[in-house]
Amino acid sequence: MSIVIKTQEDIEKMRVAGRLASEVLDFIEPHVKPGITTDELDRLCHDYMVSVQSTIPAPLNYAPPGYKPYPKSICTSINHQVCHGVPGDKALKKGDIVNLDITVIKDGWHGDTSRMFLVGGDASILAKRLCAVTYECLWLGIDQVRPGGHLGDVGHAIQRHAESNGFSVVREFCGHGIGRQFHEEPQVLHYGKAGSGVELRPGMIFTIEPMINAGKAAISELPDGWTIVTKDRSLSAQWEHTVLVTQSGAEVLTLSAGAPARPGSRS
Ligand code: MF3
Ligand code: CO
Ligand code: CO
């Protein structure tokens, strides 16, 4: 499989799928409170997708080669969990940071986005700074997207900002092309060398989804076969958008009324 260039009709469908994925996060935000379990968040999102949006939760039973089918409809990664956290019966508590990662399928097309939430509106100074810097990393990456640019520009911008803030970039997981398939080519690394890698062309659609650790970059997988944690148990944050390469730059497809604004000029 090579990189699929999307047509105008494909792009229109991807705009719809992207907005719907972001709207699931808008819907769930008021429920992300101390005391709720991640199973409850999963059920609320599942029902919203299936019954309100008529979308399909892409994670449910998703089974890439070497994995057992993913058992839930969303991913919920708390504190030192990096990604692919499997919802369970543990309640969120004040001061936790949690990533909710939503992928919907609408009309055969995928939209994939995730945000960080501060549970109880509160977190340590470090946790807040990690979430803010990771969000800045996402947008610095997005700002590198333009025809004639390279994926290495995206990775380089992200790595530079994370590391200059004393944080580290997870290497084992990356962004990805997306469309009729959940995970398509190319791989979008969140580190790298400017000017290297795939040259960007209008009609490419991929995610950018940096996973940034407060401690070391190393990760391990929990016995559930899905949940990824930092090896040193330091905090980890992630934000994700689905992005289209346009004639002049980038269009973020996973926006909606409740999506946070792009960061200000802080660097
Ligand atoms: N949404 C994740 C991503 O951004 C993938 C989750 S796969 C799952 O690529 F099976 F864990 F849901
Ligand atoms: Co993704
Ligand atoms: Co995702």
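Ten antiparallel bridges, counted as 10 in the model, join strand β4 to strand β5 (residues 109-118). Strands are DSSP runs of E with at least two residues, numbered from the N terminus. Two strands pair if DSSP finds at least two bridges between them. The model is predicted, so local features need pLDDT of at least 70 and side-chain atom pairs count only at pLDDT 80 or more, while totals for chains, interfaces and linings use all residues. Residues are numbered from 1 along each chain as its sequence is written, chains are lettered from A and ligands numbered from 1 in the order in which they are written, and side-chain values use heavy atoms, with hydrogens and water left out.

Within the β4 and β5 pairing, V104 stands opposite G111 in β5. The two strands form a hairpin with two residues between them. In the turn, D107 has a positive phi of about 60°. Strand β4 also pairs elsewhere. Four bridges join β4 to strand β2 (residues 75-78), and these strands run antiparallel. There, C75 stands opposite D101 in β4. Strand β1 (residues 56-57) pairs with β4 over two bridges, again in the antiparallel sense. P57 is placed opposite V104 of β4. Strand β4 is mostly covered, with nine of its 10 residues buried. Buried means under 20% relative accessible area, exposed over 50%, and partly exposed in between (1.4 Å probe, protein chains only).

D101 of β4 leads to the metal site. The cobalt ion (ligand 3) is coordinated by two OD atoms of D101, by D112 (OD) and by E240 (OE), at 2.1 to 2.4 Å. Donors are N, O and S atoms within 2.8 Å of the metal (3.2 Å for Na, K and Ca); water is not among the atoms, so sites may look incomplete. Along the chain, the donors of this cobalt ion (ligand 3) follow the spacing D-x10-D-x127-E. The pair D101 and E240 links distant parts of the chain, 139 residues apart. D101 lies in strand β4 (residues 97-106), and E240 in the loop between β13 (236-238) and β14 (241-245). Both D101 and E240 are buried. The arrangement around the cobalt ion (ligand 3) is irregular because its six donor atoms subtend angles of 58 to 164°. Four donors count as tetrahedral if all angles lie between 85 and 135 degrees; four count as square planar and six as octahedral if opposite donors are over 155 degrees apart and all others between 65 and 115; anything else is irregular.

The cobalt ion (ligand 2) has the protein donors D112 (OD), H176 (NE2), E209 (OE) and E240 (OE), lying 2.0 to 2.2 Å from it. Its six donor atoms subtend angles of 51 to 161°, so this arrangement is irregular. The donor spacing for the cobalt ion (ligand 2) is D-x63-H-x32-E-x30-E. H176 and E209 link distant parts of the chain, 33 residues apart. H176 sits in strand β7 (residues 175-177), and E209 in the loop between β9 (205-208) and β10 (211-213). H176 and E209 are buried. The cobalt ion (ligand 2) and the cobalt ion (ligand 3) are 3.3 Å apart, and D112 coordinates both.Ligand 1 is surrounded by 14 residues, and the closest are P59, H176, H183, E209 and E240. A residue is near a molecule if one of its heavy atoms lies within 4 Å of it. An oxygen atom of ligand 1 is 2.7 Å from an N or O atom in the side chain of E209. For the side chain of H183, an N or O atom is 2.8 Å from an oxygen atom of ligand 1. A polar side-chain atom of D101 lies 3.1 Å from a nitrogen atom of ligand 1. The protein covers 97% of the 340 Å² of accessible area that ligand 1 has on its own. Accessible areas come from the Shrake-Rupley method with a 1.4 Å probe.

Strand β9 pairs with β14 in the antiparallel sense over four bridges. L244 in β14 is the bridge partner of I205. I205 and T207 point one way from β9, F206 and I208 point the other way, and all are buried. Strands β6, β10 and β13 form an open sheet in the order β6-β10-β13, with antiparallel pairing. β6 (168-169) and β13 stand at the edges with a single partner strand each, so one side of each is left without a neighbour in the sheet. Three bridges join β10 and β13.

Conventions
A polar contact is a pair of N or O atoms within 3.5 Å; within protein, one must be able to donate a hydrogen and the other to accept it, and residues adjacent in sequence count only if both atoms are side-chain atoms.
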